[in-house]
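Subject: Structure for your records

Hello,

Here is the structure I said I would pass on. My notes on it follow below.

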Amino acid sequence: MRRLRSAISAVGAAALTAGLSVQAHAADIVGQPVDGAVGLQPGYSSLKHEAIFFHNVILLPIITAITLFVLALLLVCIVRFNKRANPTPAKWSHNTTVEVLWTGLPVLILMFIAIFSFRLLFDYHTMPTPDLTVKATGYQWYWGYAYPDQKIDEYTSNVLPEADAKSRGEPYLLAADNALVVPVNKTVKVLVTGADVIHDFALPAFGLKTDAVPGRVNETWFKAEKTGIYYGQCDQLCGVNHAFMPIEIKVVTQPEFDAWVLSQHGTPTDGTAPAPAAAPAAPAAPASSSAPAAPQKVAMNAAVAQH
Ligand SMILES: [Cu+2]
């Protein structure tokens, strides 16, 4: 594996670009479930880090404390107030102090949880200015990905057949034949919609989970922190082949992404230099591409705003 990595780094950017279309290797896989794991999948985006904090630091200790407290109360009742230990029970039935406490304390605990819960919700909804917009459409039973700003028309992403997945060292039912390719450390806005029934665009490592509803465009976002391959799945029961429409996101460097865009006959929009292979078109591409791309983006935003 180490030898493979050093080989890859030695080949250089051009070869890496070519490698994008070639089979992925198990060494590149970052975001996937592992056997025997406990807890949430490791996070590779700010949203997922916050979700993990909310679960592990806020919710889990509170749930544990409440469970232990109730268990202790039960044990006290069982030991001290059984028929043998307490043959003549007390006759009183109300205690104002206790009643105020068992009403007030749960309210305070819920309010404390709400502070962090709302903060997480707001962070999901407050998207930084996106560097890239992709559109993910759920179909029975595959995904379609399009890059409106880069003028890459929708291509389909199907589950990788079992034999192919095995030969590539990728997990069957998580690997796809065509991945969604995005640059690392860039805010990616995902427009999510469904074409037939409700699907759900979900990827644990980035904390993504957004319903793909026909006739409606939902949006979510992520900023991948590390290059590699990440796996997710459709998270809405959508029919007989629901389990066979995985989501594969390939996070690459910006030059690799620009080269990939060119290989898909798209136009890189962020003004960074395209790969050497496209040198003849390089001077014209960034200048001419950014202008027509902008109105399209505005139109897309307007379409989202209407919903
Ligand atoms: Cu689905």
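Five strands form an open sheet in the order β4-β3-β2-β6-β9, with mixed pairing. This is a predicted model, so please read everything here in that light. The edge strands of the sheet are β4 (152-157) and β9 (218-223), each of which pairs on one side only. On average, neighbouring strands are turned by 25° against each other, direction ignored.

Within that sheet, β2 (residues 132-139) and β3 (residues 142-147) pair in the antiparallel sense over five bridges. One of the bridge partnerships links A136 to Y145 in β3. The loop between β2 and β3 holds W141, and a cis peptide bond joins Q140 to W141, with omega about 0°.

Two other loops contain residues with positive phi that are not glycine. L173, in the loop between α5 (162-168) and β5 (180-183), has phi near 80°. L173 counts as partly exposed because it has 15 C-beta neighbours inside 10 Å. N185 sits in the loop between β5 and β6 (187-194), and its phi is about 55°. With 13 C-beta neighbours inside 10 Å, N185 also counts as partly exposed.

On to the helices. Helix α4 (residues 96-125) has 30 residues and reaches 43 Å from its first C-alpha to its last, close to the 44 Å expected at 1.5 Å a residue. α4 is hardly covered, with a count of zero buried residues. Its packing with helix α3 (residues 46-80) is at an angle of about 170°, and the two axes are 10 Å apart. Angles over 145 degrees count as roughly antiparallel, and α3 and α4 are therefore roughly antiparallel to each other. From α3, the residues that meet α4 are L47, E50, A51, F54, I58 and I62. On the α4 side they are I109, I113, F116, S117, L120, D123 and Y124. By class, this contact has ten nonpolar, one polar and two charged residues.

Last, L208, which is placed in strand β8 (residues 208-212). Is L208 buried or exposed? L208 counts as buried because it has 25 C-beta neighbours inside 10 Å, and the cut-off for buried is 20 or more. Not counting residues up to four places away in sequence, L208 touches F201, A202, L203, T220, F222 and G232. The C-alpha atoms of L208 and S45 are separated by 9.7 Å, although the two residues are 163 residues apart along the chain.

Regards

How values were computed: Residues numbered from 1 in each chain as written. Predicted model: local features only at pLDDT ≥ 70, side-chain atom pairs only at ≥ 80, totals over all residues. Helix = DSSP H or I, 4+ residues; strand = E, 2+ residues; numbered from the N terminus. Buried ≥ 20, exposed ≤ 12 C-beta atoms within 10 Å, placed from the backbone. Contact = placed C-beta atoms within 7 Å. Expected span 1.5 Å × (residues − 1). Axes fitted to C-alpha atoms, helices over the stretch in contact; angles between N-to-C directions. Parallel < 35°, antiparallel > 145°, perpendicular 65-115°, else oblique. Nonpolar A, V, L, I, M, F, W, Y, C, P; charged D, E, K, R; others polar. Pairing = 2+ DSSP bridges.
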